[in-house]
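Here are my notes on the model, point by point. Please read them with the structure open.

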Amino acid sequence: MERILKNKWLYAAIGAIGGLLYWKFIGCASGSCPIQQNWYLSTAWGATLGWLISGVFLGCGCNGESCNMTDQSNSKTKNKEEEK
């Protein structure tokens, strides 16, 4: 779990650096772009996109495999039924 979290932070850091570089070299010449106008907003958006993109590459937290999202309330009722 920690390995995946660290990788997500790595993607977020890369995204933040990308957002900062986007602000530095491309930016907003007219000043009417709310995201690219300030370096901290561009960096925050880059970090957010990096975090979200990490979900594509790392999966949803199941070690890169497809996640089996089952309703756990059903498994609890099954266990209670089996006890009876």
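1. Start with I35. Outside its neighbours within four places in sequence, I35 is in contact with L41, S42 and W45. The residue lies in the loop between α1 (2–25) and α2. Its relative accessible area is 33%, so I35 is partly exposed. Across the chain, the C-alpha atoms of I35 and G19 are separated by 9.8 Å, with these positions 16 residues apart in the numbering sense of "apart along the chain". Note that this is a predicted model.

2. Overall architecture. The protein has 3 helices and 0 strands. Read from the N terminus on, the elements run α-α-α. Of its 84 residues, 18% count as buried. The protein exposes about 6,900 Å². Carbon and sulfur atoms supply 61% of that exposed area.

3. Contact range. Take the contacts between residues at least 6 apart in sequence. Of these, 56% join residues at least 24 apart.

4. T43, buried or exposed? At 18% relative accessibility, T43 falls under the 20% limit, so T43 counts as buried. T43 is found in helix α2. Not counting residues up to four places away in sequence, T43 touches A16, G19 and L20. A further pairing is T43 with L21: 22 residues apart in sequence, 8.5 Å apart in space, C-alpha to C-alpha.

5. I14 on the other helix. The place of I14 is in helix α1. Its relative accessibility is 53%, and I14 therefore counts as exposed. I14 and G46 are 32 residues apart in sequence. Their C-alpha atoms are 8.0 Å apart in space.

6. Aromatic pairs. How many does a search of the whole structure find? The search finds 2 aromatic pairs. In one of them, the rings of W9 and W51 have their centres 5.2 Å apart. Their planes stand at 65°, so this pair is edge-to-face. W9 lies in helix α1 and W51 in helix α2, so the pair ties together parts that are 42 residues apart in sequence. W9 counts as exposed, at 53% relative accessibility. W51 is partly exposed, with a relative accessible area of 30%.

7. The W39 and Y40 pair. Here the ring centres of W39 and Y40 are 5.8 Å apart. With planes at 85°, the pair is edge-to-face. W39 is partly exposed, at a relative accessible area of 47%. Y40 is partly exposed too, with a value of 48%.

8. A charge over a ring. Which ring does the charged end of K8 sit over? The ring is that of W51, and the charged end of K8 is 5.5 Å from its centre. W51 thus appears in this point and in an aromatic pair with W9. Anyone checking the side chains should view K8, W9 and W51 together.

9. The nonpolar surface patch. W9, L49, W51, L52, I53, V56 and F57 form a nonpolar patch on the surface. Together they have about 780 Å² of accessible area. Which helix gives the most to this patch? Helix α2 (residues 39–58) does, with 6 residues. W9, a member of the patch, lies in helix α1.

10. Two patch members in detail. V56 has its place in helix α2. Its relative accessible area is 67%; over 50% counts as exposed, so V56 is exposed. F57 is also found in helix α2. At 57% relative accessibility, F57 counts as exposed. The C-alpha atoms of F57 and K8 are separated by 9.6 Å. These two residues are 49 residues apart along the chain.

How values were computed. Residues are numbered from 1 along each chain as its sequence is written. This is a predicted model: local features need pLDDT of at least 70, side-chain atom pairs count only at pLDDT 80 or more; totals for chains, interfaces and linings use all residues. Side-chain values use heavy atoms; hydrogens and water are left out. Patches are made of residues with over 30% relative accessible area and no salt bridge: like charges are joined within 9 Å, nonpolar side chains (Val, Leu, Ile, Met, Phe, Trp, Tyr) within 5 Å. Accessible areas come from the Shrake-Rupley method with a 1.4 Å probe; for residues, only the protein chains shown count as cover. A salt bridge is a side-chain nitrogen of Lys or Arg within 4 Å of a carboxyl oxygen of Asp or Glu. Helices (H or I, at least four residues) and strands (E, at least two) are DSSP runs, numbered from the N terminus. Buried means under 20% relative accessible area, exposed over 50%, partly exposed in between (1.4 Å probe, protein chains only). Contact means heavy atoms within 4.5 Å. Rings of Phe, Tyr and Trp (its six-membered ring) pair if their centres lie within 6.5 Å; planes under 30 degrees apart count as stacked, over 60 as edge-to-face and the rest as tilted. A charge sits over a ring if NZ of Lys or CZ of Arg is within 6 Å of the ring centre and within 35 degrees of the ring normal.
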